[in-house]
Amino acid sequence: FFASGSFTFFGSANMGRAIGAIWFLPCMFWATLFFQLMLKYIKEDYNVGICCVICGVLSYISARFIWFPFSIQSGLMATGFVWLGYEIKQREVLKNIKWYHYVIAQILFLAGIYYNLSDIGFVSGNMADIILSIPVGLAGCLLIYFLSVCDEKGIVLSYIGKMSLTVLCTHLYALNTMGYYAYWILDQLQLEGNKRWWTLILIEILFAILVAAIIEEGKNFFNRYRYAISGKRPVMTDKYGK
């Protein structure tokens, strides 16, 4: 019901219902809806930006007192980042990015991590710093864009992006059911401290991606088998669904 990851408090009451890693789906629904309404009824771009900032601040403040269901506050906070992405695309900012911009972004991102400013908790409507966390987060986004430039053909990032929801579902399954086996492996390796923590993260990532890839291949096989049995060909559409 709350659709807010593991953050399920309504005032002082814990509702005890969580959907884990796929909380971002209702979050993005609200963020997209709010932003599209702003674009429709507000003509000036800077006024849209001001409204997005107000939405984010209201989300941040209200989340300190009470949490609304369906990731509404997460969506309000995300509108500011949706607006920034919109402006970057409209003004074609990324076409003018140079190599030294990536270096600056890397320094800013690492500094944000070092000073504990990198945490933007959309799932709980919280930020480590309501001002400084935003440029740190944008620096991280720019570094992801740099990875996409390196992966020019989109082989890696496109593949992971297409099956990202399946990855999150398998990750959620692993968190809830596979913990015993992961910790058994760590015990066998006799790892402690940071080495144990990073190895656990690596195990979870590899498990999620591997199982998600198996599921995706299974779906593709089923689709091919289904059309072979029925004798029907899938209807081909362009990117607009026509």
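**Figure 1. The largest nonpolar core of this predicted model draws on helices α1, α2 and α3.** Seven residues make up this core: Phe-35, Met-38, Val-48, Cys-52, Cys-55, Leu-76 and Trp-83. Helices α1, α2 (45–62) and α3 each supply at least two of them, and the largest share, three residues, comes from α2. Apart from this core lies another one, of six residues. Tyr-102, Ala-105, Ala-139 and Leu-143 are among the members of that other core.

**Figure 2. A closer look at Phe-35, one of the residues of the largest nonpolar core.** Which residues does Phe-35 touch once its neighbours within four places in sequence are left aside? Its partners are Val-48, Cys-52, Thr-79, Val-82, Trp-83 and Tyr-86. If you have the structure open, Val-48, Cys-52 and Trp-83 may look familiar, as they belong to the largest nonpolar core too.

**Figure 3. Gln-73 sits in helix α3.** This helix covers residues 72–90. Is Gln-73 buried or exposed? Gln-73 has a relative accessibility of 0%, so it counts as buried. Beyond its neighbours within four places in sequence, Gln-73 is in contact with Ser-59, Ser-62, Ala-63, Ile-66, Trp-67 and Phe-68.

**Figure 4. Leu-25 lies in helix α1, which spans residues 24–41.** Here the relative accessible area is 39%, so Leu-25 is partly exposed. Where is Ser-4 with respect to Leu-25? The two are 21 residues apart in sequence, and their C-alpha atoms are 9.7 Å apart in space.

**Figure 5. The largest pocket has a volume of about 600 Å³.** The lining counts 20 residues, and those closest to the centre of the pocket are Gly-85, Ile-88, Leu-94, Leu-138 and Cys-141. Helices α3, α4 (99–114) and α5 (133–150) are the elements that give two or more residues to this lining. The largest share, seven residues, comes from α3. What is the lining made of, by class? There are 16 nonpolar, three polar and one charged residues.

**Figure 6. The second largest pocket has a volume of about 340 Å³.** Let us walk along its lining: Phe-81, Phe-109, Ser-118, Ile-120, Phe-122, Gly-137, Gly-140, Cys-141 and Ile-144. Which helix gives the largest share of these residues? That is α5, with four residues. By class, the lining divides into six nonpolar, three polar and no charged residues. Cys-141 lines this pocket, and Cys-141 is also one of the residues closest to the centre of the largest pocket.

**Figure 7. The whole protein, for orientation, has nine helices and four strands.** Read from the N terminus on, the elements run β-β-α-α-α-α-β-β-α-α-α-α-α. The C-alpha trace spans about 55 × 55 × 45 Å along its principal axes. Of the 242 residues in the protein, 27% are buried. Among contacts between residues at least 6 apart in sequence, 64% join residues at least 24 apart.

**Figure 8. Confidence along the predicted model, with a mean pLDDT of 84 for the protein.** A pLDDT of 70 or more is reached by 91% of the residues. Among the elements, α4 has the highest mean pLDDT, 94, and strand β1 (residues 9–10) the lowest, 73. A friendly reminder for the bench: where pLDDT is low, predicted coordinates should not be read in detail.

Note on methods: Residues are numbered from 1 along each chain as its sequence is written. This is a predicted model: local features need pLDDT of at least 70, side-chain atom pairs count only at pLDDT 80 or more; totals for chains, interfaces and linings use all residues. Side-chain values use heavy atoms; hydrogens and water are left out. Buried means under 20% relative accessible area, exposed over 50%, partly exposed in between (1.4 Å probe, protein chains only). Contact means heavy atoms within 4.5 Å. On a 1 Å grid over the protein atoms alone, a cavity is a set of points where a 1.4 Å probe fits but cannot get out, and a pocket is an open set with protein on both sides within 12 Å along at least five of seven lines; lining residues have an atom within 4 Å of a point. Grid points are joined across faces, edges and corners, and a volume is the space filled by probe spheres set on the points. Ala, Val, Leu, Ile, Met, Phe, Trp, Tyr, Cys and Pro count as nonpolar, Asp, Glu, Lys and Arg as charged, and the others, Gly among them, as polar. pLDDT is the predictor's confidence in each residue, from 0 to 100. A nonpolar core is a set of buried Ala, Val, Leu, Ile, Met, Phe, Trp, Tyr and Cys residues joined through side-chain atoms within 4.5 Å.
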